Each structure stands twice: as C-alpha cells, then as structure tokens.
Amino acid sequence: MHWHQRRVTRLAAVAVWLDGVLQRPTTVRLLGAGRDFWSLVLPTECAACTSPAVTLCPECLARVRAATVRPFRADGGADALPAAEGYEGGPGDPTDIDVLPVTAAGHYRGTVSRLLLSYKNRRRTDVGRPLQAALAGALQTAVHGIRKRGEQGMILLVPVPSRGASMRRRGYDPLGLLLAGLDRRGELPAGCHVAALVVYRGALTGGPSVLASRARPVSQKGLGGSQRRTNVHATMALRPGRCLPPGAVCLVIDDVLTTGATIAEVTRVLRHAGAIVAGAAVVAATPAPSRSR
Ligand SMILES: [Zn+2]
C-alpha cells in the first residue's frame, strides 16, 4: 500500500471512531449540558420575544422605551389603594375618597409585561437596564409631584418586600436589584434614598405575634380588590430594630400595580410607624378595567 493510501485509510478510521464517540449517549449528554451552560451564562434569545438576541432584540427595546417614556398617574381604578396622606374623607360621601397618588412608567401589557415576567420569573436579570430606565422615569415624575405639593426634604424610597418563598425560588430580589442599580449609578431623583428592608413580610420568619394569624397570604392572582386587601392585610411589619425618622416622607415602590392592596399594606405599616406616605411609583400598571374584575 502506498504511503498516502495508508494515510487516507488511517484518517477514515479516525473519522469513523470520532463519529462513534460523538454518538455515544454520554457525549450527547455532555454536549447538551455545554449548550445549556452557555445559554445560562449568555442568553441566546430576546427576553421579550423569541428572536435570537443576547438580551433584548432592537425591536423589543424600542417598544419598551416607547411604552415607558411618558409616566402617568395610575391610581384611578385601583380600588384597594389607601387614602392620600392627610385625607380625612369627603363631606358625608363614602365614594369621595382622595387616593394615594401612584405613578406608573407604562401599562402592564405586551412587550413590557413579557419583559417584566422574564426578569422576575426566568432569571433574566440581564434585562434589568431597560426596566431601571422605566422605573427611573416613574420616580422622577412621582418625586416632581411630591415637590410640587411643597415637600422639599429627603424622600425615602421604600420597596415592597419580596415574598420569602419567591426569594428562595428565584435567588434574587427583582425590585431590590432595580433600585440598587439606579442608586449605584446615581440615577435616583435628587434628595431620594433607598430604604430597603425597612418593611418585611411576616411570612419571612414567622414574624412578631401580631402577624401570627395571617402569616401566610395566598397568591394575589385572580383575586379582586377587596379580596386582595383582606388577603394581604396585616401581613407586613416594620423590621424589628428598624425605625424611621419622625415624619419621614416615603414613596412606596413596586414593580406592578394591580389593585393597590400590596401598596396599601406597606403604607399602613409606614404610617403606623409615624412616617408620611406621599405616594407610590411602579414600573407598570395593569389596565384599569382588569383591576376592578
Ligand atoms: Zn424581542
């Protein structure tokens, strides 16, 4: 056999061997795991649609920006929201209730809702930036409103605490991450400070005795305004050892506004501790008709 014929035979043998190796179940599993590993480190699809992209595809990014560029008052129709600060009720009219002003960056629908869900439930923390930009806009508008009403001092930004079970499942606090990112880059409105971990959910540790009767609220999904209010009432408390400066002005922060029951519960705790709750800001608000469902 000629030398180059021998080489061709050897190469063919190597190719056959390699093919065999590649088709072994162990190899298939290893290569699959490798692919899964890289898709964890570097996402391979847009967090809002399924087109190939590392974070958000340009179309979805443009949609999210357009949908959150004009923050608006979203408290109309959120029937579980608390009364505005200092409001004692209208003259004999139970429906005349001046509610806590809530500013939303956008509506909870389409690309914005898909992005929020990916960020919260699919570990897509890589798309925090556009959500931070949206929240920053809502914060600016909300703080501007508070300043216009005459409040010139420090404003504490109090995030709604995560559920203990959600935190354990996700391994991160989505809202806390958004605020921490804005704080780190100096993108919070002037005179604002993040007061994380001031309010906590009783379910986290069992909580103090006042919370014992309602230590484990069920999920809010599918509940109407009054049901939600009852469901979350007295489930939160001021974290033991924490106190607020007397008369501290607070802005409650959440990701999504539905009926306002969660914001109402945080407001109750803060007001009970002597703070002034001047409003709330959220990334997105569910469209008003679905809130009263
Ligand atoms: Zn997309």
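**Exercise 1.** How many aromatic pairs does a search of the whole structure find? Work out what kind of pairing turns up, and which parts of the chain are involved.

*Solution.* Searching the whole structure, which is a predicted model, gives one aromatic pair. Start with the geometry: the ring centres of Tyr119 and Tyr172 sit 6.4 Å apart, with the planes at 65°. Planes over 60 degrees apart count as edge-to-face, so that's the label for this pair. Next, place the partners: Tyr119 is in helix H4, while Tyr172 is in the loop between helix H6 (164-170) and helix H7 (174-184), so the pair ties together parts 53 residues apart in sequence. Last, check burial against the cut-off of under 20%: Tyr119 comes in at 2% and Tyr172 at 11%, so both count as buried.

**Exercise 2.** Describe the surroundings of Arg124: is this residue buried or exposed?

*Solution.* First, locate Arg124: look in the loop between helix H4 (110-121) and helix H5 (128-148). Its relative accessibility is 7%, so Arg124 is buried. Now follow the side chain, which reaches the backbone oxygen of Glu45 at 2.8 Å. Among the other residues Arg124 touches are Cys46, Tyr119 and Tyr172.

**Exercise 3.** Which residues hold the zinc ion, and what is the arrangement?

*Solution.* Pick out the protein donors: the SG atoms of Cys46, Cys49, Cys57 and Cys60, 2.2 to 2.3 Å from the zinc ion. Then look at the angles: they run from 101 to 115°, so the arrangement is tetrahedral. Along the chain, the donors are spaced C-x2-C-x7-C-x2-C. Cys46, in the loop between helix H2 (25-41) and helix H3 (58-68), and Cys60, in helix H3, are 14 residues apart; Cys46 and Cys60 are both buried.

How values were computed
Residues numbered from 1 in each chain as written. Predicted model: local features only at pLDDT ≥ 70, side-chain atom pairs only at ≥ 80, totals over all residues. Heavy atoms only, no water. Helix = DSSP H or I, 4+ residues; strand = E, 2+ residues; numbered from the N terminus. Buried < 20%, exposed > 50% of the residue type's maximum accessible area, 1.4 Å probe, protein only. Polar contact = N/O pair within 3.5 Å; in protein donor to acceptor, adjacent residues only side chain to side chain. Contact = heavy atoms within 4.5 Å. Phe/Tyr/Trp six-rings, centres within 6.5 Å; stacked < 30°, edge-to-face > 60°. Donors = N, O, S within 2.8 Å, 3.2 Å for Na, K, Ca; no water. Tetrahedral: all angles 85-135°; square planar, octahedral: opposite > 155°, others 65-115°. Lists of a residue's contacts leave out its neighbours within four places in sequence.
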